[in-house]
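Here are my notes on the model you sent over. I have kept them as numbered points so that you can check each against the coordinates.

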Amino acid sequence: MFLFRQLFDPQSSTYTYLLADADAREAVLIDPIFEEAPRDSALVRELGLKLLYTLETHVHADHVTGGWNLKDRLGSRIAISADSGAEGADRYLKDRDTVKFGKRYVQVRATPGHTNGCLTYVLDDETMAFTGDCVLIRGCGRTDFQQGDARALYRAVHAQIFSLPESCLIYPGHDYRGLTVSSVGEERRFNPRLGGELSEDDFVGYMKNLGLPHPKQIDIAVPANLKCGRREGVADPGEHPDWAPLNLTFAGIWEIQPHWVQEHLRDVQVIDVREPEEYDGPLGHIPGAVSIPLGGLAARAGEIAKDRPAVAVCRAGGRSAQATLILKKAGFDRVANLAGGMLRWRAQHLAVEGARD
Ligand SMILES: N[C@@H](CCC(=O)N[C@@H](CS)C(=O)NCC(=O)O)C(=O)O
Ligand SMILES: [Fe+2]
């Protein structure tokens, strides 16, 4: 089964795409973003995938790539165009190369013009093309900095993208209006810069007069991306709690596994946010757990000492996830959700008080 996810970074209006062979559990990630590396690694982990490659469509001018950071986190390899001028990649791609994941692959197409090293990745069955900033939905990448070349862009789009099947979906690198997908047929007809009967000279005239301000991050982004996102002296994105082996979920919740809690019951305070009848009910409760039902947690947060980390627990781990957010808001730094709640705790035969069988 083919697995596909489109992820959005609102700060830079950038799309990141996860493509995987769900049977082989191998994945590639197109255009990750530095700040979103915690999100992306959480998703890859939750879906049980091995990230083989991060694939760059080009050296971005508006955000720093997450390639290097994800290599650190997940052991993925970095691939970018041989014409990009970037150093530190694991693989340098050329036109018509293929990048495999499980039984699937993407084909590389050189689509220069926005930059020299712009690539489009076309899925093996030509149903999807990831065009980066070459073709945008009813737009295209600008050609007024880096190695921008409007004539090269026009020719690349016509030769390499508009030659794909009409039904091939186009997934762009950005969209500034929130649009998510287009198709080759649609852009060939309606792209106001490149489509219809517009000639190369029409296009050049259009692009000379775009009049866009330079991206705000360009002076930071380009040098960092020429090193594939390797940044010295810049803190790793995301939080790094050091009091326990916590895991950040794609939902944004810090989780802790039951076995660790069992072994550290003296070092943490367990806050049981179920209703009183559940606390004293058949599942029992964790020894020493303090009962504060979720509805009263915000008001009663002052009852919880701040000298020890707090672990929130409920029946299945849902209400307690919300409890961690409430506690964070109330000023608790060291908070985690007990993964799987009392159900998993009991399934793992860990210690309980007051249980009825
Ligand atoms: N306002 C954005 C800049 C957006 C921008 O220039 N994007 C480039 C892609 S890196 C582009 O080609 N835009 C084409 C367009 O907006 O038509 C920022 O400051 O980051
Ligand atoms: Fe770009």
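1. Let me begin with a helix pair: α3 and α5 are oblique to each other, a word used for angles outside the classes under 35 degrees (roughly parallel), over 145 (roughly antiparallel) and 65 to 115 (roughly perpendicular). Helix α3 covers residues 150-161 and helix α5 residues 200-208; their axes come within 9 Å and cross at roughly 130 degrees. Axes here are lines fitted to C-alpha atoms, for helices over the stretch in contact, and angles run from 0 to 180 degrees between N-to-C directions. The crossing of α3 past α5 is right-handed, a label for a near helix turned clockwise from the far one by less than a right angle, with left-handed for anticlockwise.

2. Some ground rules. This is a predicted model, in which local features need pLDDT of at least 70 and side-chain atom pairs count only at pLDDT 80 or more, while totals for chains, interfaces and linings use all residues. Residues are numbered from 1 along each chain as its sequence is written, chains are lettered from A and ligands numbered from 1 in the order in which they are written, and side-chain values use heavy atoms, with hydrogens and water left out.

3. Now the overall picture. The protein chain has 11 helices and 20 strands, where helices (H or I, at least four residues) and strands (E, at least two) are DSSP runs numbered from the N terminus. Along the principal axes, its C-alpha atoms fill a box of roughly 80 × 40 × 35 Å. Of the 357 residues in the protein chain, 53% are buried; buried means under 20% relative accessible area, exposed over 50% and partly exposed in between, with a 1.4 Å probe and protein chains only.

4. Back to α5 for a moment. V204 belongs to this helix and, at 10% relative accessibility, is buried. Its C-alpha atom is separated by 6.6 Å from that of R151, although the two residues are 53 apart along the chain.

5. A second helix pair is worth a look. Helix α1 (residues 37-46) and helix α2 (residues 67-74) have axes that come within 10 Å and cross at roughly 40 degrees. That angle makes α1 oblique to α2, and α1 passes α2 in a right-handed crossing.

6. Which protein residues are donors of the iron ion (ligand 2)? They are H58 (NE2), H114 (NE2) and D133 (OD), at 2.0 to 2.3 Å from the ion. Donors are N, O and S atoms within 2.8 Å of the metal (3.2 Å for Na, K and Ca), and since water is not among the atoms, sites may look incomplete. Along the chain the donors follow the spacing H-x55-H-x18-D. H114 sits in the loop between β8 (104-110) and β9 (119-123), and D133 in the loop between β10 (128-132) and β11 (135-136), so the pair ties together parts that are 19 residues apart in sequence. H114 and D133 are both buried.

7. Why is the arrangement around the iron ion (ligand 2) irregular? The four donor atoms subtend angles of 89 to 162 degrees, which makes it so. Four donors would count as tetrahedral if all angles lay between 85 and 135 degrees; four count as square planar and six as octahedral if opposite donors are over 155 degrees apart and all others between 65 and 115, and anything else is irregular.

8. The sheet deserves its own point. Six strands form an open sheet with mixed pairing, in the order β7-β8-β9-β10-β13-β14. At the edges stand β7 (98-101) and β14, each with a single partner strand, so one side of each has no neighbour in the sheet. Two strands pair if DSSP finds at least two bridges between them. β10 runs parallel to β13 (residues 169-172), joined by four bridges, with G132 opposite P172. β13 and β14 (residues 182-183) are antiparallel over two bridges, with I170 opposite S182.

9. Finally, two backbone angles to check. Most residues other than glycine have a negative phi. R25 has a positive phi, near 65 degrees; this residue lies in the loop between β2 (14-21) and β3 (26-30) and is partly exposed at 36% relative accessible area. C228 also has a positive phi, about 60 degrees. Its place is the loop between α6 (218-225) and β15 (247-248), and C228 is buried at 2% relative accessibility.
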